[in-house]
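Let's walk through this one together, starting from what the record says and moving on to the sheet and the pockets. Keep the 3D view open as you read.

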Amino acid sequence: MVEHTTVDLPDVSALTIGILGGTGDQGKGLARRFSLAGHTVLIGSRSAERAQEAAREIGVRGAANADVAAEADVVIVAVPWEGHKALLESLREPLDGKIVVDCVNPLGFDKQGAYALPVEEGSAAQQAAAVLTGSRVVAAFHHVSAVLLLDPSVAEIDLDVLVLGDDREATDVVRALAGRIPGARGVYAGRLRNAHQVEALTANLISINRRYKAHAGIRVTDV
C-alpha cells in the first residue's frame, strides 16, 4: 500500500456521527463500528422509540431523525431508497452546512436477482445533492457488508471504501472516517456525477455473494 493514500487526512476522532435509517442492518453495522472506534454515534429513525431500541442493542444513542440530523457533525444516510427523497426534503434545515454521506443503493430485485434502478438525477447521491443544496454531499460506504459490520467475531473489514464528491475537504473527512473502521481504507473515486456506477456495482456484489456464499468487498490496487 502506498503511503500517500492516508497521509495528510484530517483528524476526525472527535466527530459525532449520526446515521439516518440507523435501525436497518447497514446503519446499525456502521454505528457499531464507529462506536467501537471511539466516536459518539447517534442512530436515527422516524420513530424515536424504534431508534432507541436499536441503539440499545449496540450501546449508542437513538433519537428521531430530525434530532440526529441537528446534533451530529457528520450524517450518514442509510435509509431505504423508497423513502430517500422525502426524508431528505424534510431535513433540509438541520442538515444545512453539514457533510452528508449518502450510502443508499437504488436497487430492484426480481427472479434474476438484483439490478440497478434508474434515477432521474443520475444517482441517489446526486438526488441528495439536488435536495440538500446547503449541505456537502459525499457518496461512500455502498459496498460494506452489514453482516461483517455486525459480526463481533470479525475484527477487521477487508475493504476499500470508494468516496465520491465535489468538495475536497468533505471527501477527505469521509476518507478519514472510513479508515476508522479497522481494515478499511477510504479511496477518492471521483466527482459526485460518477456515483451511479458505484451504487449500481452493489448489484454485482450481491450476485457474487449469492454465487460464492461470500460477503465480497472491493480493493483498489496500486494506490
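The UniProt annotation, from an unreviewed entry, places a "domain: Pyrroline-5-carboxylate reductase catalytic N-terminal" over residues 16-106. Keep in mind that what you're looking at is a predicted model. Over residues 16-106, helix makes up 45% of the chain and strand 23%, and the C-alpha atoms at the two ends sit 27 Å apart.

Now for the sheet. It's an open one with eight strands and mixed pairing, and if you step across it you'll meet them in the order S3-S2-S1-S4-S5-S8-S9-S10. Which strands stand at the edges? Those are S3 (61-64) and S10 (184-188), and each has a single partner strand, so one side of each is left without a neighbour in the sheet. As you go from one strand to the next, the twist averages 30 degrees.

Zoom in on S5 and S8. Strand S5 (residues 99-102) and strand S8 (residues 136-139) run parallel and are joined by four bridges. Val101 is a handy place to look, since you'll find it opposite Val138 in S8. Helix H6 (residues 124-131) packs on the sheet here, touching both S5 and S8. The direction of H6 makes about 175 degrees with that of S8.

On to the pockets. The largest has a volume of about 600 Å³. It is lined by 28 residues, and the ones closest to its centre are Gln26, Asn105, His142, Thr202 and Ile206. Which elements give two or more residues to this lining? They are helix H1 (25-36), strand S6 (107-110), helix H7 (146-150) and helix H9 (195-212). H9 provides the largest share, with four residues. By character, the lining of the largest pocket splits into 15 nonpolar, eleven polar and two charged residues.

The second largest pocket has a volume of about 280 Å³. There are 13 residues in its lining, with Gly21, Arg46, Asn65, Val79 and Pro80 nearest the centre. How does the lining of the second largest pocket divide into nonpolar, polar and charged? Four of its residues are nonpolar, seven are polar and two are charged.

How values were computed: Residues are numbered from 1 along each chain as its sequence is written. This is a predicted model: local features need pLDDT of at least 70, side-chain atom pairs count only at pLDDT 80 or more; totals for chains, interfaces and linings use all residues. Side-chain values use heavy atoms; hydrogens and water are left out. On a 1 Å grid over the protein atoms alone, a cavity is a set of points where a 1.4 Å probe fits but cannot get out, and a pocket is an open set with protein on both sides within 12 Å along at least five of seven lines; lining residues have an atom within 4 Å of a point. Grid points are joined across faces, edges and corners, and a volume is the space filled by probe spheres set on the points. Ala, Val, Leu, Ile, Met, Phe, Trp, Tyr, Cys and Pro count as nonpolar, Asp, Glu, Lys and Arg as charged, and the others, Gly among them, as polar. Two strands pair if DSSP finds at least two bridges between them. Axes are lines fitted to C-alpha atoms, for helices over the stretch in contact, and angles run from 0 to 180 degrees between N-to-C directions. Contact means heavy atoms within 4.5 Å. UniProt positions are given in the numbering used here, feature names are shortened, and annotations may be inferred rather than shown by experiment.
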